[in-house]
Amino acid sequence: MATVGLAEQRARRLLLLPLWLTVWAEAWPLVTTTAVRGYDRDIVCPSVCRCDEDFIYCNDRGLSAIPPLPSYASVLYLQNNQVNNQGLPASLEHHLTVQVVYLYDNELDDFPVCLPPSLRELHLQDNNIRTVPRSALARMPLLEKLHLDDNSVSTVSIEDQAFADNPRLRLLFLSRNHLSSIPSGLPASLEELRLDDNRISTIPTHAFRGLAALRSLVLDGNLLANQRIADDTFSRLANLTELSLVRNSLQTPPVNLPTAHLQRLSLQDNALTHMPRGSLDGMRGLQRLDLSGNNLTTLPRALFRDLDSLAQLLVRGNPWHCGCNLRWLYDWLLARGNAVTVRGLTCHGPERARDMALVDLGRLMAECEVPRTTGGRDRAGGAGGPADTSTTLSPPQGSLFTLRSKRPGMGLPDSGLDYTLGSSGVGRSLALNVKPLSHNSIRVTWSVAQPSSSFRLSWLRLGTGNTMGSITETLVRGDRREYLLTSLRPRSDYIICMAPLASGSESKGSGSDGEAEEALVCAKAETSEVGPVNGGPGEDEGSRRPAALPLAGIIGGAAALVFLALVLAAFCWYGHRKGHLSSRDHYTRNSSRKGKSYDDYIESGTKKDNTILEIRGPGFPMTPMPACQPTPPKVPQEDYIVHTIFPPSNGTGLYKAAGHPSDPGYGTNRGYREGGIPDVDYCYT
């Protein structure tokens, strides 16, 4: 019994040994900090640095070597200096209280090896580090965050199993280096990995093996293409919440993306041409989807059926074709309302919807044929195809609300042949007739031998040498017998094909493709030039002529207004000039007229001259001459001076020469003459 009890005690001690070691590793920094603070209080902060308790600031000092540091330091700011590997003192590894070191933007060529083992966070970005040796990382077993951005690290310069001795490493940044593949031997504890702006072109199946804890993966700015990414590469990352593949060469999203916890998916600035149906299925937690800067024209129905948590949809920079192919997305956005923020969903085609937002096409979207579901679930995103469909509305023309597809549901004649199709075609159960109506429209009529639930109408424009263009197709109700194709290109050959569809063929997919191809009837039509077309030259010319009138009218009206303005200006100038001359002559002839209450000079536009005209002559008597009184006796003759002036009162003053002998200039302008001013300066004749 004693032997058994002793064995149990030894077993318990062995089980408790790892626990004691872990507790000791956690408590060691606290013990050393207490000891150092008790005995090293007399250590002075370096003169070139600034110390704030255990934070040592030696950054931006132009240092080439690290000065002696206090032993109680926990955070060292050594960035933005000129420190090289020789400038790192060997004593630095004895600072057992240091947990964070900032050494970015220095001149390090090799990974530093004399760092303290207590380090938790290390910043080495913006250096020239070329290698990552395992021995250097093994000196820091507690390291959690490592920043190696903007260095010269390559895939072969990372030693095999370099991170094997760092079981706590959670964050690894290797952005803007020279990596050509995913580094191997990454620790299983990694939660955030940044490998953006490298030269990674291939991701094999085992690249992320063992990284079950990874939550954020950034692979922006690499050389990734769909053909070089293994199918199950990302499916192993079950806990991934953020995946960024910006600025690569992807044509479609990678297959088998993790769906359980993904919240942010960034695929902007790639070469995406289409989103495969089901590529986003199961992403119920996705909150942000960025598809900006690609070549997407449409999205397949039910693509967003599982995106119940989507809050941001960024799709700017894509040539969206807003036809009936996006009617489901229009309904989905209306159903979500303010719960989702959409940026950049602007239509580039067709012309009727150019530069308009999809949510603003309510009136036009109402003209689309909307399927009605009679069974199964019907979600806002269009979850799945309905079991039974019937059409309610039909598009009035085929240019706006069409579905452009690289893989149409029906075939067309081989484009490499020299077509002998005419303007009509007759099949087993359908007769088709096409007729151009104008330079951009064709009328399609048909007759059938037996009723059909709907018809599939397809058309394509032939390029140079009958090369195959993009096929456009739409569904037409079974009770219709004509359709108008509009917004076509002038002087172009079009092949128009039609096939009757059996009931349920729209929803069952390719179940009756063989029958549809057998019943396919095609005809050929050519649009005319921009000008009069067959069947109504007078009417068409009259309808197009007003379209050219506004511009001509504007130009003609502007020219007429300019001409009238010039004529009016010339007339006014001539009248003004003529009035000026006539007023001056009139004043000359009638300067002695009386009763004028305004200034003739002002009337004629001439500046008034107030110089004095002085006339000397013998005096004359000034006597009243009443009609009924005799002439009074003649008074002695005196000398008078008559000054003809133009004072402000515009009158004529008579002044007696002897009136003011003491002031010869009083009441007159005689002071000019007597002051020595020549007559030419103040008078004229």
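Let's start just after helix 3, where Gly 337 takes a positive phi of about 65°. Keep in mind that this is a predicted model, and use that glycine as a landmark for finding the helix before it.

Helix 3 covers residues 327-336, and it is largely enclosed by the rest of the structure because 7 of its 10 residues are buried. Which residues of helix 3 are the buried ones? They are Arg 327, Trp 328, Leu 329, Tyr 330, Trp 332, Leu 333 and Arg 336. As for what they pack against, look for strand 15 (341-343) and helix 4 (362-365). A bit of background helps when you look at any α-helix: there are 3.6 residues to a turn, so residues three or four places apart point the same way.

Now step back along the chain to Thr 298, which sits in the loop between strand 12 (288-290) and strand 13 (312-314). Is Thr 298 buried or exposed? Its relative accessibility is 19%, and buried means under 20%, so Thr 298 counts as buried. The side chain of Thr 298 makes a polar contact of 2.7 Å with the side chain of Asn 325. If you skip residues up to four places away in sequence, Thr 298 touches Trp 320, Asn 325 and Leu 326.

Next up are the charged side chains. A search of the whole structure turns up 19 salt bridges, and a few of them are worth tracing by eye. In one, the side chains of Asp 150 and Arg 176 meet at 2.8 Å, N to O. Asp 150 is in the loop between strand 6 (145-147) and strand 7 (171-173), while Arg 176 is in the loop between strand 7 and strand 8 (192-194), so this pair ties together parts that are 26 residues apart in sequence. Asp 150 is partly exposed, with a relative accessible area of 25%, and Arg 176 also counts as partly exposed, at 36% relative accessibility.

Arg 176 has another partner too: its side chain meets that of Asp 196 in a salt bridge of 3.8 Å, N to O. Asp 196 lies in the loop between strand 8 and strand 9 (216-218), so this pair ties together parts that are 20 residues apart in sequence. Asp 196 is buried, with a relative accessible area of 4%. Put Arg 194 into the picture and you have a network of salt bridges linking Asp 150, Arg 176, Arg 194 and Asp 196.

Further along the chain, the side chains of Arg 477 and Asp 479 meet in a salt bridge of 3.0 Å, N to O. Asp 479 counts as exposed, at 56% relative accessibility.

From there, hop over to Ser 452, in the loop between strand 20 (441-448) and strand 21 (454-461). Ser 452 counts as buried, with 17% relative accessibility. A polar atom of its side chain lies 3.0 Å from the backbone oxygen of Ser 454. What does Ser 452 contact once you leave aside its neighbours within four places in sequence? The answer is Gly 478, Pro 500 and Leu 501.

Our last stop is helix 7 (residues 537-589), where you'll find Val 567. This valine counts as partly exposed, at 42% relative accessibility. Together with Phe 563 and Leu 564, Val 567 makes a nonpolar surface patch of about 310 Å².

Note on methods. Residues numbered from 1 in each chain as written. Predicted model: local features only at pLDDT ≥ 70, side-chain atom pairs only at ≥ 80, totals over all residues. Heavy atoms only, no water. Helix = DSSP H or I, 4+ residues; strand = E, 2+ residues; numbered from the N terminus. Buried < 20%, exposed > 50% of the residue type's maximum accessible area, 1.4 Å probe, protein only. Polar contact = N/O pair within 3.5 Å; in protein donor to acceptor, adjacent residues only side chain to side chain. Contact = heavy atoms within 4.5 Å. Patch = residues over 30% accessible without salt bridge, like charges linked within 9 Å, V, L, I, M, F, W, Y side chains within 5 Å. Areas by Shrake-Rupley, 256 points an atom, 1.4 Å probe, with all protein chains shown as cover. Salt bridge = Lys/Arg side-chain N within 4 Å of Asp/Glu carboxyl O.
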